[in-house]
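Welcome! Here is a short guided tour for anyone meeting this structure for the first time. Take a look at the sequence and the model, then read on.

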Amino acid sequence: MVKKKIVIIISILFYAGMLFMTCTARNLHESRLPHVKVVELEYGLFIDGNGEESFGVTLPKKWYRDGEIYRIANVLINDEYRTIARKVDSLEIGLENDDDYQVKNGLGAREKIIISNLNGLTDGCEVYIVEESAEEKTK
């Protein structure tokens with residue numbers, strides 16, 4: 001009778017522990033990832049020295065750090081979509097204005113680039129996207 005109670009108590013503790021680990025696994029995993037902020041690129045108008053107008057994807061100069069740009073990619077890993085940082089290698093810059101560069105090749109409109117926490121990033125690492133407030137989007 002005592003052995004049966006011990007087995008029941010151990011079983012309950014085991015399944016309670018498994019339930020706890022199942023419920024907290026995602027939060028634990030996300031807490032260990034680099035937390036980054038992203039911005040979505042848009043189209044803009046550029047004017048060259050001859051007054052010719054050209055539309056293109058705008059890359060704000062303040063986020064172009066020595067040519068090192070990381071974009072967001074959603075990759076299927078173990079039957080689950082993960083948010084991965086991918087380094088942009090073939091970035092080609094065209095015209096520029098006071099605030100922006102025109103992207104000729106390497107990035108498209110509506111692509112999301114990482115604008116914070118770049119120090120610990122490597123190509124292919126998983127990241128956690130922090131939600132931005134409306135104030136940060138307008139900066």
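Tyrosine 15 has a relative accessibility of 59%, so this residue counts as exposed. Its ring has a partner: the centres of the rings of phenylalanine 14 and tyrosine 15 are 5.1 Å apart with their planes at 75°, so the two make an edge-to-face pair. Phenylalanine 14 counts as partly exposed because its relative accessibility is 48%. Please keep in mind that everything here comes from a predicted model.

How many aromatic pairs does the structure hold? There are two aromatic pairs. Besides the pair just described, tyrosine 64 and tyrosine 101 form an edge-to-face pair, with 5.3 Å from centre to centre and 65° between the planes. This pair links distant parts of the chain, as tyrosine 64 sits in the loop between strand E4 (53–60) and E5, while tyrosine 101 belongs to strand E8 (residues 100–105), 37 residues apart. Is tyrosine 101 buried or exposed? At 18% relative accessibility, tyrosine 101 counts as buried. Tyrosine 64, at 26%, counts as partly exposed.

**Around lysine 61**

Tyrosine 101 has another neighbour to look for: lysine 61 lies over the face of its ring, at 5.3 Å from the ring centre. Lysine 61 also forms a salt bridge with glutamate 96, and the closest N and O atoms of that pair are 2.7 Å apart. Glutamate 96 lies in strand E7 (residues 92–96) and lysine 61 in the loop between E4 and E5, so the bridge ties together parts that are 35 residues apart in sequence. With a relative accessibility of 24%, lysine 61 counts as partly exposed, and glutamate 96 is partly exposed too, with a relative accessible area of 46%.

**Salt bridges**

Side chains of opposite charge can pair when their charged atoms come close. In this model the count comes to eight salt bridges. The table shows some of them.

| Salt bridge | Closest N to O |
|---|---|
| Arginine 26 and glutamate 80 | 2.2 Å |
| Glutamate 96 and lysine 61 | 2.7 Å |
| Glutamate 40 and arginine 110 | 3.1 Å |

The bridge between arginine 26 and glutamate 80 links distant parts of the chain: arginine 26 is in helix H1 and glutamate 80 in strand E6, 54 residues apart. Arginine 26 counts as partly exposed at 33% relative accessibility, and glutamate 80 is partly exposed with a relative accessible area of 28%. The bridge between glutamate 40 and arginine 110 also links distant parts of the chain, with glutamate 40 in strand E2 (residues 38–40) and arginine 110 in the loop between E8 and E9, 70 residues apart. Here glutamate 40 counts as partly exposed at 34% relative accessibility, whereas arginine 110 is exposed, with a relative accessible area of 56%. Glutamate 96 was met above as partly exposed, at 46%. Salt bridges that share partners join Arg26, Glu80, Arg82 and Glu126 into one network.

**The helix that holds arginine 26**

Helix H1 (residues 2–31) has 30 residues. From its first C-alpha to its last, H1 reaches 42 Å, close to the 44 Å expected at 1.5 Å a residue. Where is the kink in H1 centred? The kink, of about 45°, is centred on threonine 24. Of the 30 residues of H1, the number buried is zero, so this helix lies largely in the open.

**Two asparagines in loops**

Next, a pair of backbone details. Asparagine 78 has a phi near 55°, a positive value in a residue other than glycine. This asparagine 78 sits in the loop between strand E5 (70–77) and strand E6 (80–87), and counts as exposed because its relative accessibility is 69%. Asparagine 117 has a phi near 60°, again positive in a residue other than glycine. Its place is in the loop between strand E9 (112–114) and strand E10 (128–129). At 44% relative accessibility, asparagine 117 counts as partly exposed.

**How confident is the prediction?**

The protein chain averages a pLDDT of 85, and 92% of the residues score at least 70. Which parts of the protein chain have the lowest and highest confidence? Confidence is lowest in helix H2 (residues 134–138), at a mean of 46, and highest in E10, at 92. Where pLDDT is low, the predicted coordinates should not be read in detail.

Definitions and conventions. Residues are numbered from 1 along each chain as its sequence is written. This is a predicted model: local features need pLDDT of at least 70, side-chain atom pairs count only at pLDDT 80 or more; totals for chains, interfaces and linings use all residues. Side-chain values use heavy atoms; hydrogens and water are left out. Helices (H or I, at least four residues) and strands (E, at least two) are DSSP runs, numbered from the N terminus. The expected span of a helix is 1.5 Å times one less than its number of residues. The bend at a residue is the angle between axes fitted to the seven residues ending there and the seven starting there. Buried means under 20% relative accessible area, exposed over 50%, partly exposed in between (1.4 Å probe, protein chains only). Rings of Phe, Tyr and Trp (its six-membered ring) pair if their centres lie within 6.5 Å; planes under 30 degrees apart count as stacked, over 60 as edge-to-face and the rest as tilted. A charge sits over a ring if NZ of Lys or CZ of Arg is within 6 Å of the ring centre and within 35 degrees of the ring normal. pLDDT is the predictor's confidence in each residue, from 0 to 100. A salt bridge is a side-chain nitrogen of Lys or Arg within 4 Å of a carboxyl oxygen of Asp or Glu.
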